[in-house]
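Reader: Can you walk me through a few spots on this model? Keep it brisk.

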Amino acid sequence: MDESLHSRELHIKAAGQVSPIGVNMEGNMRFAALFIRGTLLFGLTGAAQAAEEPAEIEEIVVTAQKREQAVQDVPLSISAFTGENLEAEGILDLQGVGRKVPSVAFTQGFASNASVLTIRGLSAASGGDPTTSYYLDEYAYGSPSLGLAPPVDLYDLERIEVLRGPQGTLWGASSMGGMVRLITRDPDASAGFGGKAQFFGSGFEDGGENFGGDLALNLPLIEDKLAARIVGSYREMGGFIDRPDDEDANEVEHQNYRVKVKYTPTEQLVAEFSLMYTEDAEPFGMLVDLPAENRSAASINTDFDSEQIIYSFSFSYDFGDIVLENATAYGEWDEYQLFANPFFIATNPISVDTFSQELRLLSDGASPLKWIGGVFFRESDQAFPLEFDAFGVFETDDFGTTDTQEWSVFGEVAYEFMDGMWEILAGIRYSSEARDFVSDVTQVGLIPGIIPSFQIFEERSETFKTTNPRFNITFRPNDEVMAYVNVAKGYRPGRVNYAGPIASAMLYGITGVEIIEDDLVWSYELGTKMSLADNSLMLEAAVFYTDWQDAQWNVGLPLGTGIVYNAGDIEIMGVDIGMNYQTPVDGLSIALTANYTDGEWKDVFNPVTTAVAPEIASGMTMPGTPEWTMRIGFDYVRALGAGELNLLASANYYYRDEQSDIAGLTAVAPSMDIVGLTLGVESPSWRVVLFANNLTDHDEVIITRQALPVVANPREIGLRVSMNF
């Protein structure tokens with residue numbers, strides 16, 4: 001089997017976001033405008049010197065609308081990256097992907113396996129369920145009250161799709177900001193035995209050493225009918241945060257293993273089974289003491305370990321003009337968290353089991369009428385025990401569970417007219433989500449007469465129902481240009497509050513927060529996509545307005561307590577732009593993305609909220625989201641002599657504006673500039689690359705989580721070797 005490394009040259013190389021270091025944003029935008037103009041002029045004037053016409057940018061086929069389409073034909077804001085592209089760039093995690101997508105902000109959590117992606121300003125860090133949904137193949141990843149991105153490995157993926165804006169009609173709950181889909185590579189029964197591998201070694205500036213390896217094998221079992229694909233990844237990342245008794249304490253060990261089997265007994269029937277196992281061990285997280293550039297932590301001790309296993313089964317049967325598709329999946333996720341300092345210790349072992357089932361029918365043919373309809377069921381059981389010991393003051397044992405059952409029915413209908421120049425689409429999803437909540441809290445006061453002892457047991461059930469429509473009008477005057485209007489609703493299910501947080505809120509006059517109702521967004525988007533210069537230049541732009549109603553928000557109270565409730569309404573406006581250009585200069589491609597997002601509180605329901613949390617006030621900027629992000633990337637491939645060797649070179653630059661803590665505007669991480677470089681040589685069967693990440697060694701706070709600072713990985717320089725066989 002020949003998995004040519006050369007194929008990555010023609011894939012879309014999204015990059016994006018530029019701003020010169022140390023220049024204000026007005027200057028940045030002028031620079032960006034001049035840079036884009038200069039880049040295009042450079043490419044055009046370089047045509048006379050180029051040996052060939054510019055190469056086309058190869059299509060990426062996606063299934064964002066649950067049917068195969070070229071990414072440029074999808075009338076939505078979507079970014080897609082092939083697995084080959086990610087491997088060529090050395091991207092190992094979702095943080096690297098997020099920097100390539102406009103409107104996406106990556107929020108590093110307390111640990112490397114506890115991170116959040118925010119899309120278009122809607123952050124799960126605000127409290128409650130996720131605001132971005134994640135799918136691993138057909139598995140709907142996630143659970144109530146946890147908005148974490150999955151700690152998965154990105155080696156040997158078919159592609160990643162990132163959709164921006166609400167996707168509640170086809171993809172359901174918690175897709176109110178957008179959705180991330182990770183599609184693993186299929187086995188190939190028509191090819192022989194073969195595979196690929198890669199190895200890397202690197203070191204952090206003033207930190208530990210890193211190394212790891214990946215292996216993917218294609219195993220044909222029955223010619224043209226049955227095959228398996230086995231993938232394994234292992235990484236050890238040396239630490240760079242020093243503790244009084246442990247240098248480079250935040251080392252990470254990561255393991256990921258996948259098996260995927262594909263069976264095609266006839267042309268009509270395709271069935272797949274997959275298993276994925278992931279394990280992360282992180283004896284200390286990412287928190288540091290100030291000043292951040294010291295990269296040290298003495299005030300708190302943490303520990304984070306996680307393990308997950310996912311089984312999925314899917315099949316499709318083509319009846320001719322109608323296709324039946326099934327997706328069944330089950331996942332178990334366990335995580336252990338520890339926080340401690342000289343005054344307290346808290347342990348939080350989380351356990352989540354999730355089963356999902358979806359059946360759908362969709363049209364398949366050349367008819368101008370296209371439709372899809374289906375039913376979806378998901379059951380999730382979450383255990384969230386917490387043991388807290390404030391030494392000499394009190395001990396608390398809090399055992400909470402949330403059991404969820406969701407039923408949904410959905411459908412979309414689209415119709416093309418005037419020879420495909422226009423298309424109108426309407427869709428709707430109805431969901432009913434029943435949740436059973438249990439809280440069992442026992443506190444033992446260790447100071448008689450001052451700190452009380454008590455036990456509170458609560459058991460409650462609530463059902464949350466919602467209807468989510470979508471409307472889309474697409475205009476295609478020719479094969480190169482598309483414009484669209486998309487109006488969509490997304491939602492996040494509600495929850496309940498318990499006696500403890502309710503009592504704390506009542507002390508400050510906040511009442512009526514026993515039930516956290518659904519929050520929802522209405523999104524209005526106008527966008528365009530263009531494929532120009534014989535498909536060597538692809539441009540996209542979108543403007544959007546989001547009306548976030550009844551926003552669930554974690555409101556901080558005095559004395560360090562907090563409570564999540566529907567705090568008010570938020571409005572968010574923004575602009576996304578993107579460019580991919582395979583220039584006339586042979587082998588040179590350029591990619592640019594940029595985003596502007598402006599969000600503010602439109603209405604706060606209870607004036608007491610503003611009194612206890614001044615950052616939550618009508619007219620105030622919404623915390624937690626940077627105003628500007630920009631990225632630009634250059635890739636260059638040039639033949640070395642008359643042989644089969646190529647020279648590889650790439651450079652990328654990422655800028656993110658300052659970003660406040662979701663819990664308030666007082667803890668603000670400064671703007672961030674990250675530079676990456678690679679230089680290497682490749683043949684049809686191997687590649688050797690020298691790489692540098694965070695070349696300028698940005699060492700300031702990149703984000704604060706509940707006023708606790710988190711820093712970026714320091715400068716990393718290393719060598720990566722890849723091969724096919």
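Author: What follows covers one strand residue and two surface patches. This is a predicted model, where local features need pLDDT of at least 70, side-chain atom pairs count only at pLDDT 80 or more, and totals for chains, interfaces and linings use all residues. Residues are numbered from 1 along each chain as its sequence is written, and side-chain values use heavy atoms, with hydrogens and water left out.

Reader: Where does L217 sit?

Author: In strand β11, residues 209-222. Strands are DSSP runs of E, at least two residues, numbered from the N terminus.

Reader: What does L217 touch?

Author: Leaving out residues up to four places away in sequence, L217 contacts F193, G194, G195, A228, R229, I230 and F725. Contact means heavy atoms within 4.5 Å.

Reader: Switching to the surface. Which residues make the nonpolar patch?

Author: F193, F199, L215, L640, L645, W686, V688, L690, I717, L719, M723 and F725, about 1000 Å². Patch residues have over 30% relative accessible area (Shrake-Rupley, 1.4 Å probe) and no salt bridge (Lys or Arg side-chain nitrogen within 4 Å of an Asp or Glu carboxyl oxygen). Nonpolar side chains are joined within 5 Å, like charges within 9 Å.

Reader: Which strands supply at least two residues each?

Author: β35 (686-693) and β38 (716-724). L719 lies in β38.

Reader: Why does L719 count as partly exposed?

Author: Because its relative accessibility is 42%. Partly exposed lies between buried, under 20%, and exposed, over 50%.

Reader: And which residues form the negative patch?

Author: E56, E58, E59, D73, D479, E480 and D534. D73 is in the loop between β2 (69-70) and β3 (77-82). D73 is partly exposed because its relative accessibility is 37%.

Terms used:
Helix = DSSP H or I, 4+ residues; strand = E, 2+ residues; numbered from the N terminus. Lys, Arg positive; Asp, Glu negative; His and termini not counted. Charge placed at Lys NZ, Arg CZ, Asp CG, Glu CD. Buried < 20%, exposed > 50% of the residue type's maximum accessible area, 1.4 Å probe, protein only.
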